[in-house]
Every structure is written in C-alpha cells, then in structure tokens.
Amino acid sequence: VHELTIASAIVQVAANHGNGGAVLEVLVEVGELAGVSPDALQFAWDVAAAGTPCEGARLVVRLVAVAVRCPSCGTEGELAEPLRLRCRACGTPTGDVIRGRELHVVQLTLAPEVGHAAHR
Ligand SMILES: [Zn+2]
C-alpha cells in the first residue's frame with residue numbers, strides 16, 4: 001500500500017510534466033534508505049498508471065547507494081558495508097546520511113505529440 005501511494009505520486013508528476021501527453025518511460029532514483037521495495041514499486045506502478053497518461057509506460061528504478069559524512073575524519077562517501085552506517089575510511093559510526101534517502105523522478109520519456117501533428 002505504501003508503494004502504491006508512491007507510485008501514484010510518480011504518476012502524477014509524470015502526467016503533469018507531460019501535459020497530458022502519453023508517457024513512454026519514467027526513470028526514478030530510489031535511495032537504499034528510502035524504505036521502498038523496487039519490486040513492489042514496479043508492481044504498484046501498473047496499478048497506479050492504469051487509466052492515466054502513464055498507462056503502459058515503463059518504470060525504471062535506479063537504486064542510489066547510501067553515502068555518509070564522517071563526524072570524525074570528514075570523509076564523505078558510500079558505506080563500506082551496505083546498511084551499516086559507518087565511515088568507510090576510519091570506521092566511525094555516523095548517522096549523517098548525505099545520500100540514499102531520496103525518491104524522485106529524474107527523467108521522463110514522452111511520446112511524440114501526435115495530436116498537433118500535420119494532417120495526413
Ligand atoms: Zn571517518
């Protein structure tokens with residue numbers, strides 16, 4: 001149900017940006033800490049997109065690795081071990097997440113506007 005809410009929000013964003021035109025593909029970035037299952041999101045996508053300009057569009061999910069800033073040595077970077085919030089340089093535990101919680105639409109592919117095309 002959580003993923004369906006998110007999928008619906010993505011559908012709305014895509015539909016707004018597409019000005020009602022058909023959407024072919026939507027690329028979203030999902031942080032590993034966003035708490036979203038890509039599989040569940042894919043499944044919810046088809047449900048949320050039905051009857052909208054996104055119907056039949058492909059949802060492409062790009063996972064974003066978690067990156068943290070270390071309070072001890074100042075290193076910024078991805079985690080040494082996935083989902084263990086520690087500095088990869090010195091091992092100091094840190095909750096200062098600088099990347100990995102996001103969930104946003106980064107790219108839309110729209111169908112060519114056939115409605116305004118010249119008469120054939
Ligand atoms: Zn460090």
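What arrangement do the four donor atoms around the zinc ion make? The legends below take up that question and then turn to the two sheets of this predicted model.

**View 1. The zinc ion and its donor atoms.** In this predicted model, the protein donors of the zinc ion are the SG atoms of Cys 70, Cys 73, Cys 87 and Cys 90, which lie 2.2 to 2.3 Å from the ion. The arrangement is tetrahedral, because the angles that the four donor atoms subtend around the zinc ion are 104 to 118°, and four donors count as tetrahedral if all angles lie between 85 and 135 degrees.

**View 2. The zinc donors along the chain.** Read along the chain, the donors of the zinc ion follow the spacing C-x2-C-x13-C-x2-C. Cys 70 lies in the loop between β3 (67–69) and β4 (76–78), whereas Cys 87 lies in the loop between β4 and β5 (97–99), so this pair ties together parts that are 17 residues apart in sequence. Cys 70 is buried, because its relative accessible area is 4% and buried means under 20%; Cys 87, at 4% relative accessibility, likewise counts as buried.

**View 3. The open sheet of β4, β3 and β5.** Three strands, in the order β4-β3-β5, form an open sheet in which the pairing is antiparallel. Its edge strands are β4 and β5, each of which pairs on one side only, and the twist from one strand to the next averages 35°. Between β3 and β5, the antiparallel pairing extends over two bridges, and Val 68 stands opposite Val 97 in β5.

**View 4. The open sheet of β2, β1 and β6.** A further open sheet of three strands has the order β2-β1-β6, and here the pairing is mixed. The edge strands are β2 (58–64) and β6 (103–110), each pairing on one side only, while the twist averages 20° from one strand to the next. Strand β1 (residues 23–31) runs parallel to β2 and is joined to that strand by seven bridges; within this pairing, the bridge partner of Val 26 is Leu 59 in β2.

**View 5. Helices packed on the sheet of β2, β1 and β6.** Helix α1 (residues 2–17) packs on this sheet, where it touches β1 and β6, and the direction of helix α1 makes about 45° with that of β6. Helix α2 (residues 38–49) also packs on the sheet, touching β1 and β2, and the direction of helix α2 makes about 160° with that of β2.

Definitions and conventions. Residues are numbered from 1 along each chain as its sequence is written. This is a predicted model: local features need pLDDT of at least 70, side-chain atom pairs count only at pLDDT 80 or more; totals for chains, interfaces and linings use all residues. Side-chain values use heavy atoms; hydrogens and water are left out. Donors are N, O and S atoms within 2.8 Å of the metal (3.2 Å for Na, K and Ca); water is not among the atoms, so sites may look incomplete. Four donors count as tetrahedral if all angles lie between 85 and 135 degrees; four count as square planar and six as octahedral if opposite donors are over 155 degrees apart and all others between 65 and 115; anything else is irregular. Helices (H or I, at least four residues) and strands (E, at least two) are DSSP runs, numbered from the N terminus. Buried means under 20% relative accessible area, exposed over 50%, partly exposed in between (1.4 Å probe, protein chains only). Two strands pair if DSSP finds at least two bridges between them. Axes are lines fitted to C-alpha atoms, for helices over the stretch in contact, and angles run from 0 to 180 degrees between N-to-C directions. Contact means heavy atoms within 4.5 Å.
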